[in-house]
Amino acid sequence: MSTDPMDAAALTAAGWTRIDTTGFTSTIGPLWRQGSDQDCSLAFLAEERHSNNSGAVHGGALMTFADICLGYRGARALGHTACVTAQLQLQFISGARIGELVSCKPELIRLSSQLIFVRGLISAGGRTVASADGIWKILDPRPRA
């Protein structure tokens, strides 16, 4: 991904689809998705509202984004969304800047009868800015086909 700031038209032209969000997730959104449910990347455009006092994207915004992305992948593995974050770890590596596309391609590590293990790298402007891994608890387990 280029380091040039992007806008909605440029994202759409690059094959991203807008995902409208509700509730707390809307503090980060809108989100953008590229790829299939089982193999997708999610992203958001870093805006002033995501920044901290230094002008970088706030670590809390990156943590929220990691929770959304990894949870999104886990829910898609289940075929439903009845799961909650049990543990989430984030290692900050670099800073994301306002105007950059912040993206993550979450990877399903393991799906058991009770837990989902997911990880992903968060990138902005061609740099890895954070590494995340987490565990989601399945609330309403359904038999897998």
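Helix H2 makes the greatest contribution to the lining of the largest pocket, supplying 7 residues. The model analysed here is a predicted one. Together with strand E4 (83–92), helix H2 (59–78) belongs to the elements that each provide at least two lining residues. The volume of this pocket is about 350 Å³, and its lining comprises 19 residues. Those nearest the pocket centre are Thr 25, Asp 67, Ile 68, Gly 71 and Tyr 72. By residue class, the lining contains 9 nonpolar, 7 polar and 3 charged residues.

Asp 67, one of the residues nearest the centre of the largest pocket, is located in helix H2. Its relative accessible area is 29%, so Asp 67 is classed as partly exposed. Beyond the residues up to four places away in sequence, Asp 67 touches Thr 85, Leu 88 and Trp 136. The C-alpha atoms of Asp 67 and Ala 132 lie 8.6 Å apart, although 65 residues separate the two in sequence.

Helix H2 also figures in the nonpolar interior. In soluble globular proteins, nonpolar side chains tend to be buried together. The largest nonpolar core of the present model has 34 residues, and the members that touch the most others are Phe 44, Phe 65, Leu 70, Val 102, Ile 116 and Ile 122. At least two residues of this core come from each of strand E3 (39–45), H2, E4, strand E5 (101–104), strand E7 (115–124) and strand E8 (127–138). H2 accounts for the largest share of the core, with 11 residues. A second core, separate from this one, consists of 7 residues, including Met 6, Leu 11, Trp 32 and Leu 101.

Two of the highly connected core members illustrate the contacts involved. Leu 70 touches Leu 88, Cys 104, Pro 106, Val 118, Arg 119, Gly 120, Ala 132, Asp 133, Gly 134 and Trp 136, when residues up to four places away in sequence are not counted. Ile 116, in strand E7, has a relative accessible area of 0% and is therefore buried. Under the same exclusion of residues up to four places away, the contacts of Ile 116 include Gly 74, Leu 78, Cys 83, Leu 108 and Arg 110, as well as Leu 111, Gly 134, Ile 135, Trp 136 and Ile 138. Thr 25, by comparison, is 20 Å from Ile 116 between C-alpha atoms, with a sequence separation of 91 residues.

A pair of aromatic rings is described by the distance of the centres and the angle of the planes. The structure contains 1 aromatic pair, formed by Phe 44 and Phe 65 in an edge-to-face arrangement, with 4.9 Å from centre to centre and 65 degrees between the planes. This pair connects distant parts of the chain, since Phe 44 belongs to strand E3 and Phe 65 to helix H2, 21 residues apart. Both Phe 44 and Phe 65 are buried.

Strand E3 also contains Ser 41, which is counted as buried because its relative accessibility is 16%, under the 20% limit. Excluding neighbours within four places in sequence, Ser 41 is in contact with Trp 16, Trp 32, Arg 33, Gln 34, Cys 104 and Lys 105. The last of these, Lys 105, occupies the loop between E5 and strand E6 (107–111). With a relative accessible area of 45%, Lys 105 is partly exposed. Leaving aside neighbours within four places in sequence, Lys 105 is in contact with Asp 39, Cys 40 and Ser 41, and also with Arg 119, Gly 120 and Leu 121. A further link to this part of the chain is given by Leu 42, whose C-alpha atom is 6.4 Å from that of Lys 105 at a sequence separation of 63 residues.

Towards the beginning of the chain, Ala 8 lies in helix H1 (residues 8–13) and is partly exposed, with a relative accessible area of 37%. Apart from neighbours within four places in sequence, Ala 8 is in contact with Trp 32 and Leu 45. Trp 32 is among the members of the second core. The C-alpha atoms of Ala 8 and Pro 30 are separated by 9.9 Å, and the two residues are 22 apart along the chain. Pro 30 is placed in the loop between strand E1 (17–19) and strand E2 (31–36). Most residues other than glycine have a negative phi, and most peptide bonds are trans. The bond joining Gly 29 and Pro 30 is cis, with omega about 15 degrees.

Conventions
Residues numbered from 1 in each chain as written. Predicted model: local features only at pLDDT ≥ 70, side-chain atom pairs only at ≥ 80, totals over all residues. Heavy atoms only, no water. 1 Å grid on protein atoms, 1.4 Å probe; cavity = no way out; pocket = protein on both sides within 12 Å on 5 of 7 lines; lining within 4 Å. Points joined across faces, edges and corners; volume = space filled by probe spheres on them. Helix = DSSP H or I, 4+ residues; strand = E, 2+ residues; numbered from the N terminus. Nonpolar A, V, L, I, M, F, W, Y, C, P; charged D, E, K, R; others polar. Core = buried A, V, L, I, M, F, W, Y, C linked by side-chain atoms within 4.5 Å. Buried < 20%, exposed > 50% of the residue type's maximum accessible area, 1.4 Å probe, protein only. Contact = heavy atoms within 4.5 Å. Phe/Tyr/Trp six-rings, centres within 6.5 Å; stacked < 30°, edge-to-face > 60°.
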